[in-house]
Amino acid sequence: MSPAIETGSAGRLANLIPKPVRVESGTGEFQLSETTKIVLDQASSELAAAGQFLASLLRPPTGLPLEISAGPAAPGDIQLAFLAVDPGLGEEGYELAATPQSILLQANRPAGLFYALQTLRLLLPAEIEAPEPRPCPWTVPACRIRDTPRFAWRGVMLDVARHFHPVADVRRFMGLAAAFKMNRFHLHLSDDQGWRLEIRSWPDLARKGGSTAVSGDPGGYYTQAQYAGLEEYARQRGMILIPEIDLPGHTNAALASYPELNQDGVAPELYTGTEVGFSSLAIHKGITYRFLEDVIAEIAALTSGPYIHIGGDEAQATSHEDYCTFIERAQKIVRAQGKQAIGWEEIGQARLLPGTITQIWNGEKFEHAIRQGGKVIFSLARKTYIDMKYGPETGLGLVWAGTISVRDGYNWDPDALLPGVVEKDILGVETALWSETLCNMRDIEYMAFPRLIGMAEIGWSRRESRSWEEFRARLAALAPRLREMGVNFYAAPEVDWQ
Ligand code: TNX
C-alpha cells in the first residue's frame, strides 16, 4: 500500500526530496505577488549572492519583479538571513519558516542558505521549473522546517573521458544534482580514450589525447577558461568540483600524446575501445614525475576546493611494487600543491598520507585503507553505479556490477553493506556515471534520473526516516517537476508516476 498522495501545496510539503529532518505544517499559504521583495537581512556579499540566485530561479517562470532589497521586510516578502550561529545547524543546515505573511530562510553559512532556497523551490508549484512565464498561483504551504544533512559528502561523478560532454551539459547536470542538495561534483577528466583538460605545459595531452572517444565518436576537451567557468558554476551551487586525472593506469591518451612517457619511448596508438587495465605510466622514469608535477600544479591552480583525485584503479599493467611507489609519490605531489589526494580503493595497498581519502567501488580492496585509518567515500558499484542498466531490457548502460532498479538503488544503507565499513569511516556517498555507452545529455539524464535522486536522499536524510514505499510515493509526485525541467527520466515501472 502506498501512502496517500496529497495534492496542492500541502502535498508539496509532504513530498520533499531529500526528506528533511523536521517538518511542521502550519495553516494557510504564502503567495508570491507583484510586490514581493527578496529582503537581505544584512549587508553581506554572500547574502547578496544567495538573493541573486533565488531571483534567478524565480523570475523567469513567475514573470514577477522580485526586487532585491536591504529591507526592512514588509508583509509578503521573502527574507534571507544569517543566524548569529546555531551550532545544531552546522555548515549546511537551514531553517525555513513560511506563514501566509512571510517567508524566512536562515542558516549559519551560505551553503545552508543555498539548501533553504532549494527547499523553497520544491515547495512552489512544479511550474517554477519552467523557463518562461506561466500563469500559476505561486503558493508555498505554511510550515516550519529545520534540516541538516546526514553526510558531509554527497557526490556525483561524471566520466567525460570515455565520451566527451560539453560544458553546457556538465553545467546542466551540476544544476540538477544541486537541486537535490548534492555538494560534490567529481569530473573523471582522463582515461585511455581521452584527455579532457587543457594543460598548458603539455599541450598535446588535450590537443592529441583529447581528440578521440569511445567508438570513434567525437572527442573534445575543456580549455582552462572553460574549466574555470565550471568551477565558478559549481561554487555558486554549493558544490566542490573535484578534478580526477586517472593514474598510473587508464593513461593511454597521455601515453599516445607523449612518447617519452612510455617505458620503451614509443607512443601507442590512440584508443577507442572499452577494455581496461592495459596502460601504465613509466614508474621509474624521471620525466613521469615532471609530467605529474606540471599537471597537478596547473590543476591545483584551477581548483578552489581542497581535493585532487588521482584515480589509481585497475592498474593491471603496473606491478604491485611499482604501483605502491607511484601512489606514494603522487600523494606527495598533490600535498605539495596544498591539496588532499583522493583515490579509488586500490590505493589502500600503498602507504596513505594522513588526509588521503579512499573511494570504495568494487568492494575488493578497501580493507587496506580502513586499516590505515583513512576516511572513505562510499561508491560501491552494485548500488551506486548509475551507468549500470536498470534491468536487462535497458538499452544503454553496462551490467558488470549487475542491474540496478530504482528500488534497489534506493533500498540500502552505506552503514550496513560492507563488513568493516561503519558510519564513522564514511565521509558520505557518491554515485558514478561512467560514459562508455552514454553519448549525450539525453543518455546521461536517462541513466541518472531518477536514481540520482535516491542517492541524494541516502546522502542527506536520516536512515530511520527512509523507506522505499514512502520514497516511491514522493518520487511519483516529482514527475511533473522533472517534466518541467525537461529531464529525460526513466519512468521506472515500480513507481506510479503522476
Ligand atoms: C570500472 S570504477 C571502472 C571504470 C569503468 C566502470 C564502468 C572504476 C574505478 N573503474 O573504468 O568505466 O567500471 O562501469
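This report describes the domains, strand pairing, nonpolar cores and aromatic contacts of a predicted model.

**Domains**

The protein chain is divided into two parts, domain 1 (8-147) and domain 2 (153-465). Taken over C-alpha atoms, the centres of domain 1 and domain 2 are separated by 34 Å. To the contact between them, domain 1 contributes 13 residues and domain 2 contributes 17 residues.

**Strands β4, β5 and β6**

Strand β6 covers residues 103-107, and 4 of its 5 residues are buried, so this strand is largely enclosed by the rest of the structure. Strand β6 pairs with strand β4 (residues 78-82) in the parallel sense and with strand β5 (residues 94-98) in the antiparallel sense. Strands β5 and β6 also form a hairpin, in which 4 residues lie between them. In general, the strands of a sheet pair through backbone hydrogen bonds, either parallel or antiparallel. The table sets out these two pairings together with one that involves strands β9 and β12.

| Strand pair | Sense | Bridges | Residues standing opposite |
|---|---|---|---|
| β4 and β6 | parallel | 5 bridges | Leu-80 and Leu-105 |
| β5 and β6 | antiparallel | 4 bridges | Ala-97 and Leu-104 |
| β9 and β12 | parallel | 5 bridges | Leu-187 and Pro-243 (bridge partners) |

**The closed barrel**

A closed barrel is formed by 8 strands with parallel pairing, in the order β8-β9-β12-β13-β14-β15-β16-β17. From one strand to the next, the twist averages 30°. Within this barrel, strand β9 comprises residues 184-188 and strand β12 comprises residues 240-247. Leu-187 has Pro-243 of β12 as its bridge partner, and Leu-187 is also listed among the residues with the most contacts inside the largest nonpolar core.

**Nonpolar cores**

The largest nonpolar core contains 147 residues, and those with the most contacts inside it are Phe-173, Phe-185, Leu-187, Trp-195 and Phe-449. Helix α8 (residues 286-302) gives the most to this core, supplying 9 residues. Both domains take part in the core, since at least three residues come from each of domain 1 (8-147) and domain 2 (153-465).

Which residues does Phe-449 touch, not counting residues up to four places away in sequence? The partners of Phe-449 are Phe-173, Leu-176, Phe-180, Tyr-390, Val-487, Phe-489 and Tyr-490. Phe-173 is thus a contact of Phe-449, and both residues are named among those with the most contacts inside the core.

Apart from the largest core lies another core, of 10 residues, which includes Trp-344, Ala-401, Ala-432 and Trp-434.

**Aromatic contacts**

Across the whole structure, a search finds 23 aromatic pairs. One of these joins Phe-114 and Tyr-115: the ring centres are 5.6 Å apart and the planes stand at 75°, so the pair is edge-to-face. Phe-114 and Tyr-115 are both buried.

A single aromatic cluster is formed by Trp-344, Trp-361, Tyr-385, Trp-400 and Trp-434. Two members of this cluster, Trp-344 and Trp-434, also belong to the core of 10 residues.

**Helix α14**

Is helix α14 (residues 451-460) buried or exposed? In helix α14, 10 of the 10 residues are buried, so the helix is largely enclosed by the rest of the structure. The buried residues of α14 include Arg-451 and Glu-457, along with Leu-452, Ile-453, Met-455, Ile-458 and Trp-460. Gly-454, Ala-456 and Gly-459 are buried in α14 as well.

Methods
Residues numbered from 1 in each chain as written. Predicted model: local features only at pLDDT ≥ 70, side-chain atom pairs only at ≥ 80, totals over all residues. Heavy atoms only, no water. Core = buried A, V, L, I, M, F, W, Y, C linked by side-chain atoms within 4.5 Å. Buried < 20%, exposed > 50% of the residue type's maximum accessible area, 1.4 Å probe, protein only. Helix = DSSP H or I, 4+ residues; strand = E, 2+ residues; numbered from the N terminus. Domains from an automatic or database assignment. Contact = heavy atoms within 4.5 Å. Pairing = 2+ DSSP bridges. Axes fitted to C-alpha atoms, helices over the stretch in contact; angles between N-to-C directions. Phe/Tyr/Trp six-rings, centres within 6.5 Å; stacked < 30°, edge-to-face > 60°.
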